[in-house]
Amino acid sequence: MSRTLDRTNRTERLSTAWDAAWNQGEVQALDALLSPDYVRRRGPAGVAQGRDEFKASIDAVRAAFPDLHTEIEDLVEEGGRLAVRWRSTGRHTGTFMGVPPTGRPVEVSGATFARFDGDTVAEEWVTFDSRQLLEALGIITTGHAAAIDPDLVRGVHRKFITGVTVVTTDDAGTPRGLAVNAFSSISLDPPMVLVCVQRSSSTHPALHRATHLGVNILAADQLDVAKTFASKGEDKFADIRWAPGEHGVPLIEDSSAQVEVEIAERLEVGSHTVFTGRVVSARHGDRAPLVYSGGGFFDISQTAPLPW
Ligand SMILES: Cc1cc2nc3c(=O)[nH]c(=O)nc-3n(C[C@H](O)[C@H](O)[C@H](O)COP(=O)(O)O)c2cc1C
């Protein structure tokens, strides 16, 4: 009999405190439910939160979604544990995860496992459909537009002038690399860059398992290096002068500039993987960079600067 009372009590207390905190913004209602050393875990990659951090995160969510409504769709209690399946809805009217207000209705579903220690919750594990949230905020779009002529798109890309880089990595002691012009700076603070590598490339698996990659911006007199790394050779480094950088990444000597990058994300997009990462070492010299345009290579020192 006392067990039954206990149960009802836990279920009811959790439901009441959740409603107060998530739906009314009364986060202090959680003080009676969560133990002072409460820990909220959000998957292995998520940083664990304490009670105050959790309360602050509810405030932040409610600031971005003032009409937030969280509904408990299912709740199961067993022993000192509670499993909750929930669904939250709200209109995005304040900045959230760096995304300015979109005015969109957003819906996210998830599940929480709570472990009670006596009367209070000591620990919670939370999982939710993060893709659903990213799509609702418009960070990712999965809808497909009508097909467009690939030759037309290729023609557009040929109008875009780039340099040529060799993206390298150390594969358990073996240097690997390929020619890449899909390189871009993303941000200076922190210093983030990206490269796009086709999944069919033989260097791709090594890059995918690597922690670091190198980007060597080739100099105008390194056309032979560009050709070597645009090929499918067994040992492309055989006739190349190179040395490992501070982070063990193979760096090609006499390049115009070089960075070592600690890989942050590997995003599968179409036929390519976009590797983003943080620049952890950098150098550049006086050598003019090699230029690639419309399928040909150019020496920038032969071009006329325009007044600006
Ligand atoms: C100028 C130039 C730019 C290139 N840019 C890219 C690129 O951005 N991404 C990519 O995956 N391949 C790019 N390639 C093609 C690869 O370098 C080429 O497919 C290479 O043979 C791949 O070698 P691997 O299979 O040994 O890795 C480029 C080639 C050239 C000549």
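**Pocket, sheets and cores, argued from their criteria**

Mentor: In this predicted model, helix 4 (150–158) gives the largest share of the lining of the largest pocket, namely five residues.

Trainee: Which other elements supply at least two residues of that lining?

Mentor: Besides helix 4, they are strand 6 (162–163), strand 8 (174–180), strand 10 (191–198), helix 6 (223–229) and strand 16 (290–293). The lining comprises 34 residues, and H157, N181, A182, H272 and Y292 are those that lie nearest the centre of the pocket. The space in this pocket comes to about 1000 Å³.

Trainee: What makes a residue count as part of the lining?

Mentor: A lining residue must have an atom within 4 Å of a point of the pocket, and 34 residues meet that condition here.

Trainee: How do you know that strand 6 and strand 16 pair?

Mentor: Pairing requires at least two bridges between the strands, and two bridges join strand 6 to strand 16, so this antiparallel pair meets the requirement. The bridge partner of T162 is Y292 in strand 16, while G163 has V291 as its partner in that strand.

Trainee: Why are strand 6 and strand 17 said to stand at the edges?

Mentor: The open sheet to which they belong has three strands in the order 6-16-17, with antiparallel pairing. Strand 6 and strand 17 (296–299) each have a single partner strand, so each is left with one side that has no neighbour in the sheet. Strand 16 is joined to strand 17 over four bridges, again in the antiparallel sense, and V291 stands opposite F298 in strand 17. These two strands form a hairpin with two residues between them, and G294 in its turn has a positive phi of about 55°.

Trainee: What makes the phi of M97 worth a remark?

Mentor: Most residues other than glycine have a negative phi. M97 is not a glycine, yet its phi is positive, about 55°, and M97 is placed in the loop between strand 3 (81–91) and strand 4 (105–117). A172 is likewise not a glycine and has a positive phi, of about 50°; its place is in the loop between strand 7 (165–171) and strand 8.

Trainee: Why is M97 called partly exposed, and why is A172 called exposed?

Mentor: Exposed means over 50% relative accessible area, buried means under 20%, and partly exposed lies in between. M97, at 48%, falls between those limits and therefore counts as partly exposed, whereas A172, at 80%, is over the upper limit and is therefore exposed.

Trainee: What is the peptide bond from D189 to P190, cis or trans?

Mentor: That bond is cis, with omega near 5°, and P190 is found in the loop between strand 9 (183–188) and strand 10. Most peptide bonds are trans.

Trainee: What makes strand 1 and strand 2 the edge strands of the sheet of five?

Mentor: That open sheet has the order 1-5-4-3-2 with mixed pairing, and strand 1 (34–41) and strand 2 (69–78) each pair on one side only. From one strand to the next, the twist averages 20°. Strand 3 and strand 4 pair in the antiparallel sense over 11 bridges, and R81 stands opposite R115 in strand 4. Helix 2 (51–64) packs on this sheet, touching strand 1, strand 3 and strand 5, and the direction of helix 2 makes about 65° with that of strand 1.

Trainee: Why are the members of the largest nonpolar core called buried?

Mentor: Membership is limited to residues that are buried, that is, under 20% relative accessible area, so a place in the core already implies that value. The core has 29 residues, of which L30, L33 and F65 touch the most other members. Several elements supply at least two residues each, among them helix 1 (2–24), strand 5 (120–128) and helix 3 (130–136), and the largest share, five residues, comes from helix 1.

Trainee: Which residues is L30 in contact with, leaving aside its neighbours within four places in sequence?

Mentor: Contact asks for heavy atoms within 4.5 Å, and L30 meets this with A17, A21, F54, K55 and I58. Apart from this core lies another, of 15 residues, including V180, V215, V259 and V279.

Definitions and conventions. Residues are numbered from 1 along each chain as its sequence is written. This is a predicted model: local features need pLDDT of at least 70, side-chain atom pairs count only at pLDDT 80 or more; totals for chains, interfaces and linings use all residues. Side-chain values use heavy atoms; hydrogens and water are left out. A nonpolar core is a set of buried Ala, Val, Leu, Ile, Met, Phe, Trp, Tyr and Cys residues joined through side-chain atoms within 4.5 Å. Buried means under 20% relative accessible area, exposed over 50%, partly exposed in between (1.4 Å probe, protein chains only). Axes are lines fitted to C-alpha atoms, for helices over the stretch in contact, and angles run from 0 to 180 degrees between N-to-C directions. On a 1 Å grid over the protein atoms alone, a cavity is a set of points where a 1.4 Å probe fits but cannot get out, and a pocket is an open set with protein on both sides within 12 Å along at least five of seven lines; lining residues have an atom within 4 Å of a point. Grid points are joined across faces, edges and corners, and a volume is the space filled by probe spheres set on the points.
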